[in-house]
Amino acid sequence: MSDDDQSLGARLRRVRAHSEALAAPLSPEDQALQAMPDASPTKWHLAHTSWFFEAVVLGPHAPGFRPHDERWARLFNSYYESLGPRHPRPQRGMLSRPSLAEVLPWRHAVDEALAAFIAGADADTRARAWPLIELGLQHEQQHQELIQTDLLAALALNPLAPAAWPGEPPPVVAAEPGWLDYAGGSVEIGHGGGGFAFDNETPRHRVLQQPYRLANRLVSNAEYQAFVDDGGYRRAALWLSDGWAAVQAQGWTAPLYWRDGGLEFTLYGERERQPDAPVRHLSFYEAAAFAEWAGARLPSEAEWEHAAASATPPAQCFGSVWQWTRSSYDPYPRFRPLAGAVGEYNGKFMVGQIVLRGSSVATPAGHARASYRNFFPPAARWQYSGLRLALDA
């Protein structure tokens, strides 16, 4: 086995183990919870990521491979039309069987099959399958973040405000607010080659933009509290029309997990809100309304990437919250989805969604990069999503 193969095998073990480490403190009952149609149970995430490796890597490329249980493909296929029928997404929480005690041995069997496949593949097979294994690892890291956001949504519904993890959230001290200036002109954005990227990050291309300014840090809880105190959720003039309709229909008065008395619900349970910490669990509509109230705007995704990749990037680009931009999730010029089932990964969602940039506290180490394009519907609030302000220069 080559050094590259050994490195891939070691990374596979590390990433797969991290998923189980996230789930380890949780009871089987915790791992079966589904808070809403947009979220999934922890057990489902553990199973789906294993199904992905069976369906995309082992089934097509490992000679003689047979799925652990062919019936389970229907349960754990997410949205791949070309890979067969799927259990309805809003009913994933009804899948009491297979049990967690059956899903975990299945994961281990998939790991063993992948290890044997990596050890025995010839050069032609490696050329075809290694990019798919890498995609599977990146896909699993996405689900590691979803394990946390979806679990938070579920535990937040419990009146006992239970904690998923022991301990306290790490303290945050915000820098003094300020602005960074960036020149306009023709700039390049998108993945430029070298290292992994999803297909929606390509092709790299030029964008013409005007000079602009970005806030040197993210909007904090204390700053967002000032917006709330100033009647931000009661002033229609600050909101986009669809956002104002959502405020009225959903009864929004504050970020999703804010509680009375200066508290916030977190995976550590109900804790005192940190004034300097970045505000999070905002919809795009809330982010846009705050920017309007502050006399600013949200950055475009090109502005965000250009600044993040510059010699003077703003603070808190990565590892705090995903940052809403003012850009619709559209294909880049000359974008083409990948061939085969993995072509369904990103391209078919390029309508009606908004781009977020950066990464969050729930994003696995090494998974973030300046060209990464996350995307969600504008009303989504359960993700670790916040905002950074922008101005025209």
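This report walks through the core, a strand trio, the ring pairs and the charged contacts of a predicted model.

**Core**

Start with the greasy part. The largest nonpolar core counts 87 residues, and the members touching the most others are Phe76, Phe117, Ile133, Tyr224, Phe227 and Leu387. Helix α5 (residues 123–155) supplies the largest share of this core, with 11 residues. Tyr224 is worth a click: setting aside neighbours within four places in sequence, its contacts are Val219, Tyr233, Pro255, Trp258, Val279, Leu282, Glu286 and Phe290. Trp258, one of those contacts, also carries a charge over its ring: the charged end of Arg273 sits 3.7 Å from the ring centre.

**Strands**

Next, look at β9 (residues 354–358), where five of five residues are buried. Strand β9 runs antiparallel to β8 (residues 322–328), with four bridges joining the two. On its way to β10 (residues 374–376), also antiparallel, there are three bridges. Leu356 makes a handy landmark in β9: Trp324 stands opposite Leu356, and Leu356 stands opposite Asn374 in β10.

**Rings**

There are 28 aromatic pairs in the structure. Take Phe52 and Tyr345: the ring centres are 6.5 Å apart and the planes meet at 85 degrees, so this pair counts as edge-to-face. Phe52 belongs to helix α2 (residues 42–61) while Tyr345 is in the loop between β8 and β9, so the pair ties together parts 293 residues apart in sequence. Both Phe52 and Tyr345 are buried.

Tyr79 and Phe349 are edge-to-face too, because their planes stand at 80 degrees with the ring centres 4.8 Å apart. Here again the link spans distant parts of the chain: Tyr79 is in the loop between α3 (72–76) and α4 (100–120), Phe349 in the loop between β8 and β9, 270 residues apart. Tyr79 is partly exposed, at 26% relative accessible area, and Phe349 is partly exposed as well, at 23%.

These four rings belong to a cluster linked by ring pairs, whose members include Phe52, Tyr79, Tyr345 and Phe349, along with Trp51, Tyr80 and Trp322. One more charge-over-ring case: Arg373 lies over the face of Tyr332, 4.1 Å from the ring centre.

**Salt bridges**

The structure has 23 salt bridges. Three of them are set out here.

| Acid | Base | Closest N to O |
|---|---|---|
| Asp111 | Arg16 | 2.6 Å |
| Asp181 | Arg213 | 2.9 Å |
| Glu264 | Arg280 | 3.4 Å |

What does the salt bridge between Asp111 and Arg16 tie together? Asp111 lies in helix α4 and Arg16 in helix α1 (residues 3–23), so the pair connects parts 95 residues apart in sequence. Arg16 is buried, with a relative accessible area of 1%, whereas Asp111 is partly exposed at 22%. Both residues also sit in a network of salt bridges that links Arg16, Glu20, Arg107, Asp111 and Glu140.

The salt bridge of Asp181 and Arg213 runs between strands: Asp181 is in β1 (residues 179–182) and Arg213 in β4 (residues 212–215), so parts 32 residues apart are tied together. Arg213 is partly exposed, at 27%.

For Glu264 and Arg280, the strand β6 (residues 263–266) holds Glu264 and the loop between β7 (269–272) and α8 (284–293) holds Arg280, so the pair joins parts 16 residues apart in sequence. Glu264 is buried at 7% relative accessibility, and Arg280 counts as buried at 17%.

Key:
Residues numbered from 1 in each chain as written. Predicted model: local features only at pLDDT ≥ 70, side-chain atom pairs only at ≥ 80, totals over all residues. Heavy atoms only, no water. Core = buried A, V, L, I, M, F, W, Y, C linked by side-chain atoms within 4.5 Å. Buried < 20%, exposed > 50% of the residue type's maximum accessible area, 1.4 Å probe, protein only. Contact = heavy atoms within 4.5 Å. Pairing = 2+ DSSP bridges. Phe/Tyr/Trp six-rings, centres within 6.5 Å; stacked < 30°, edge-to-face > 60°. Lys NZ or Arg CZ within 6 Å of the ring centre and 35° of its normal. Salt bridge = Lys/Arg side-chain N within 4 Å of Asp/Glu carboxyl O.
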